[in-house]
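Look over the sequence and the model below before reading on. The notes that follow are grouped by topic.

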Amino acid sequence: MPDRRARLVHVTVVRTPADMALELRLLAIAEGIAEQIDAHRPDAVAVERVFAQANVRTVMGTAQASGLALHAAAARGLPVGLHTPSEVKAAITGYGNADKRQVQAMVARVLGLAEAPKPADAADALALAVCHAWRLGSPDAVSSGPSTLTPAQRAWRDAQAGAAGRSAASPLVRSGGARTSPARPRLGA
């Protein structure tokens with residue numbers, strides 16, 4: 001990677017009232033994601049890879065919102081990078097088990113901000129965007145050159161390819177570099 005500088009272009013956290021009907025919450029989130037993509041025209045979209053957790057409600061909400069971001073990116077022909085929370089933490093702090101405060105502090109430092117972005121979801125989204133950009137390098141390197149996937153991403157890609165009979169490329173294979181900071185969609189208060 002030529003340089004590891006990053007700058008904040010924009011970050012927004014789409015929020016919905018907890019008492020709003022689920023379908024209306026999802027509609028509002030989808031509209032918010034589409035609005036940000038259309039306004040800022042990123043080269044790629046980074047989305048948190050959903051994986052099994054003990055809290056099923058959190059996983060379901062994150063999976064639904066992630067699906068909306070994936071749909072919005074696909075509808076606009078944007079490549080998508082999927083990263084697990086531990087991959088993001090390792091990229092931004094150097095430690096895959098970093099806590100939220102460590103991630104927030106490093107996001108502020110990397111982006112040259114006086115303080116950590118608020119709310120915490122904004123710092124998480126920025127960490128995800130920085131991770132994606134750093135892992136993939138410049139947008140020009142998307143379709144050529146050696147793989148920039150982490151070992152975990154390669155294993156996931158290979159597992160997906162095996163399950164699909166290797167007939168379609170994983171979204172990870174199609175990921176590209178990002179120059180903007182897409183917000184990580186969240187359902188929440």
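Arg41 sits in the loop between α1 and β1 (45-48). The model shown here is predicted. Arg41 has a phi near 45 degrees, a positive value in a residue that is not glycine. Most residues other than glycine have a negative phi, and most peptide bonds are trans. With a relative accessible area of 61%, Arg41 is exposed, because the cut-off for exposed is over 50%.

**The chain as a whole**

- The protein chain contains six helices and two strands.
- Read from the N terminus, the order of the elements is α-β-α-β-α-α-α-α.
- Of the 189 residues in the protein chain, 42% are buried.
- The accessible surface of the chain is about 10,200 Å², and 56% of that surface belongs to carbon and sulfur atoms.
- Contacts between residues at least 6 apart in sequence were also sorted by separation: 71% of them join residues at least 24 apart.

**Helix α1 and the patch beside Leu24**

- Helix α1 covers residues 22-40, and Leu24 is found in it.
- Is Leu24 buried, exposed or partly exposed? Its relative accessibility is 45%, so Leu24 counts as partly exposed.
- Leu24 joins Met20 and Leu27 in a nonpolar surface patch of about 250 Å².
- Arg25 also lies in helix α1, but at 10% relative accessibility Arg25 counts as buried.
- Arg25 and Val14 are 11 residues apart along the chain, and their C-alpha atoms are separated by 9.9 Å.

**Salt bridges**

- How many salt bridges does the count come to? The count comes to four, and three of the pairs are described in the items below.
- Asp121 forms a salt bridge with Arg15, with the closest N and O atoms 3.3 Å apart. Asp121 lies in helix α5 and Arg15 in the segment before α1, so this pair ties together parts that are 106 residues apart in sequence.
- Within this pair, Asp121 is buried, with a relative accessible area of 11%, whereas Arg15 is partly exposed at 38% relative accessibility.
- The side chains of Asp38 and Arg76 meet in another salt bridge, at 2.7 Å from N to O. Asp38 belongs to helix α1 and Arg76 to the loop between α2 (56-75) and β2 (80-83), so the pair links distant parts of the chain, 38 residues apart.
- Asp38 is partly exposed, with a relative accessible area of 46%, and Arg76 is partly exposed as well, with 32%.
- Arg101 and Asp99 also form a salt bridge through their side chains, at 3.6 Å from N to O.
- Arg101 counts as exposed at 64% relative accessibility, while Asp99 is partly exposed, with a relative accessible area of 32%.

**Helix α4**

- Helix α4 runs over residues 100-111 and has 12 residues. At 1.5 Å a residue it should span 16 Å, and its end C-alpha atoms are 16 Å apart, which agrees.
- At the start of α4, a side-chain oxygen of Asp99 comes to within 3.1 Å of the backbone nitrogen of Arg101.
- Which residues of α4 are buried? They are Val103, Gln104, Val107, Ala108, Val110 and Leu111.
- An α-helix has 3.6 residues a turn, so residues three or four places apart point the same way.
- The buried residues of α4 pack against two other helices, α3 (85-93) and α5 (120-136).
- Gly112 follows α4, and its phi is positive, near 70 degrees.

**The loop after α4, and helix α5**

- Pro119 has its place in the loop between α4 and α5.
- The peptide bond joining Lys118 and Pro119 is cis, with omega about 0 degrees.
- Helix α5 has 17 residues, which should span 24 Å at 1.5 Å a residue. The end C-alpha atoms of α5 are 25 Å apart, which agrees.
- Why is α5 described as largely enclosed by the rest of the structure? The reason is that 16 of the 17 residues of α5 are buried.

Definitions and conventions. Residues are numbered from 1 along each chain as its sequence is written. This is a predicted model: local features need pLDDT of at least 70, side-chain atom pairs count only at pLDDT 80 or more; totals for chains, interfaces and linings use all residues. Side-chain values use heavy atoms; hydrogens and water are left out. Helices (H or I, at least four residues) and strands (E, at least two) are DSSP runs, numbered from the N terminus. The expected span of a helix is 1.5 Å times one less than its number of residues. Buried means under 20% relative accessible area, exposed over 50%, partly exposed in between (1.4 Å probe, protein chains only). Contact means heavy atoms within 4.5 Å. A polar contact is a pair of N or O atoms within 3.5 Å; within protein, one must be able to donate a hydrogen and the other to accept it, and residues adjacent in sequence count only if both atoms are side-chain atoms. Patches are made of residues with over 30% relative accessible area and no salt bridge: like charges are joined within 9 Å, nonpolar side chains (Val, Leu, Ile, Met, Phe, Trp, Tyr) within 5 Å. Accessible areas come from the Shrake-Rupley method with a 1.4 Å probe; for residues, only the protein chains shown count as cover.
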